[in-house]
Amino acid sequence: MRRILPLLCLVSLTAASRAAENAWSPFEWKQVEIIASAGKIKAAIIVPTKVNGVECLAQLDTGAPSNAMWRRKADASLPKVDAVLELAGRSLTVKARAPQLAGLEGGKCKDEVIVTIGNGYFDDGTLTLDLKGSRFSYTPAAVLASVHAAQPFNYAQWSGTDGGHVVVEVGLPNGKLAYALLDTGAASFSISAMSEGDWSELTGGVPLQASATVSEYKVNSWGKKIACYEMAAPGSISIGQTLNVEHFRASYCAYEAFKPGQKLIGLLGLRDLNERVVTLDYRSRRWLISN
């Protein structure tokens with residue numbers, strides 16, 4: 001495994017925070033109880049946005065490639081219209097169908113997550129997530145271009161649509177290097193394996209079944225109930241060559257629809273990052289975890 005940078009050096013790496021400090025927008029953590037009797041945990045980032053000038057709510061999801069994914073279903077035969085999103089000090093015109101904008105009527109949009117905002121909204125600049133401070137910012141600048149401690153990421157574009165996926169390096173308990181998709185939409189996870197084989201590699205061969213050490217539960221993924229498993233895994237993982245996580249939570253959910261275009265060990269959630277600042281410089285294809 002490559003050398004992990006000492007955490008002490010991260011204390012002084014505040015370039016991203018300085019660039020964003022005059023343009024912070026607040027967000028709210030959606031907290032839910034995923035495992036029965038385990039208490040509520042941070043599961044999603046909900047951000048204030050405006051759609052056609054109307055105040056609404058959106059989910060910020062780096063697991064989604066597109067600039068906007070509307071929550072309401074609409075017949076694909078209906079014509080698309082322009083919709084203006086305003087978020088993090090910028091506006092962007094995107095496409096929608098009329099039923100997807102129905103929440104704008106009668107003030108419903110203030111209490112309803114109407115749209116998911118993905119990487120495409122930010123990928124001509126830098127997104128900074130102050131996860132501990134519950135705030136975020138965007139700047140068109142390439143903030144991390146000259147920051148030595150920033151790590152590269154692959155901006156994978158498997159789907160052929162706008163935007164892409166942020167793929168980062170992780171070090172496994174067995175010392176091997178692997179790749180994971182950084183997914184704020186899976187905020188509750190530490191790392192969620194992509195397959196049963198990946199679960200075995202993360203856990204050292206623990207059987208994928210409910211037991212005294214493995215919890216089984218259900219999650220809602222785009223309207224479908226998905227079976228999941230989770231445990232406190234032995235050993236440690238490293239994230240982006242900067243952060244070691246001891247006794248991380250290994251998960252596995254039986255996703256069916258998502259088929260990445262490269263070999264991934266799993267989805268990297270925010271469970272081990274939610275007391276830190278995560279900066280994604282899409283222009284430079286670099287990212288940084290800082291205190």
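These legends walk you through several close-up views of a predicted model.

Residues are numbered from 1 along each chain as its sequence is written, and side-chain values rest on heavy atoms, with hydrogens and water left out. Because the model is predicted, local features need pLDDT of at least 70 and side-chain atom pairs count only at pLDDT 80 or more, while totals for chains, interfaces and linings use all residues.

**View 1. The open sheet of six strands.**
Here 6 strands form an open sheet in the order β1-β10-β9-β22-β23-β11, with antiparallel pairing. The edges belong to β1 (25-26) and β11 (151-152); each has a single partner strand, so one side of each is left without a neighbour in the sheet. Inside this order, β9 (residues 126-130) and β22 (residues 277-281) pair in the antiparallel sense over 5 bridges. To find one of these bridges, start at Asp-130 and look for its partner in β22, Val-277. Strands here are DSSP runs of E with at least two residues, numbered from the N terminus, and two strands pair if DSSP finds at least two bridges between them. As background, strands of a sheet pair through backbone hydrogen bonds, either parallel or antiparallel.

**View 2. Strand β13 and its partners.**
How many of the residues of β13 (residues 165-171) are buried? The count is 7 of its 7 residues, where buried means under 20% relative accessible area, exposed over 50%, and partly exposed in between (1.4 Å probe, protein chains only). His-165, Val-167, Glu-169 and Gly-171 point one way from β13, while Val-166, Val-168 and Val-170 point the other way.

Now follow the antiparallel partners of β13. With β12 (residues 154-156) there are 3 bridges, and Ala-156 stands opposite His-165. With β14 (residues 177-182) there are 5 bridges, and Val-170 stands opposite Ala-178. β13 and β14 form a hairpin with 5 residues between them, and Gly-175 in the turn has a positive phi of about 90°. With β18 (residues 236-239) there are 2 bridges; here Val-170 stands opposite Ile-239.

**View 3. Aromatic rings around Tyr-282.**
The model holds 6 aromatic pairs by the rule used here: rings of Phe, Tyr and Trp (its six-membered ring) pair if their centres lie within 6.5 Å, and planes under 30 degrees apart count as stacked, over 60 as edge-to-face and the rest as tilted. The rings of Phe-153 and Tyr-282 have centres 6.1 Å apart and planes at 80°, so this pair is edge-to-face. Phe-153 sits in the loop between β11 and β12 and Tyr-282 in the loop between β22 and β23 (286-290), so the pair ties together parts that are 129 residues apart in sequence. Phe-153 and Tyr-282 are both buried.

Tyr-155 and Tyr-282 also form an edge-to-face pair, at 5.5 Å centre to centre and 75° between the planes. Tyr-155 belongs to strand β12 and Tyr-282 to the loop between β22 and β23, so this pair ties together parts that are 127 residues apart in sequence. Tyr-155 is buried, as is Tyr-282. In addition, Tyr-121, Phe-122 and Tyr-138 form one aromatic cluster.

**View 4. The second largest pocket.**
This pocket has a volume of about 190 Å³. On a 1 Å grid over the protein atoms alone, a pocket is an open set of points with protein on both sides within 12 Å along at least five of seven lines, whereas a cavity is a set where a 1.4 Å probe fits but cannot get out; lining residues have an atom within 4 Å of a point. Grid points are joined across faces, edges and corners, and a volume is the space filled by probe spheres set on the points.

Among the lining residues of the pocket are Trp-70, Lys-80, Arg-97 and Asp-162. Which strand gives the most to the lining? That is β7, with 4 residues. The lining divides into 5 nonpolar, 3 polar and 4 charged residues. For these classes, Ala, Val, Leu, Ile, Met, Phe, Trp, Tyr, Cys and Pro count as nonpolar, Asp, Glu, Lys and Arg as charged, and the others, Gly among them, as polar.

**View 5. The second largest cavity.**
The model has 2 cavities of 30 Å³ or more, and the second largest has a volume of about 30 Å³. Its lining is made by Leu-129, Leu-131, Leu-182, Thr-184, Leu-270, Leu-273 and Val-278. By class, this lining has 6 nonpolar, 1 polar and no charged residues.
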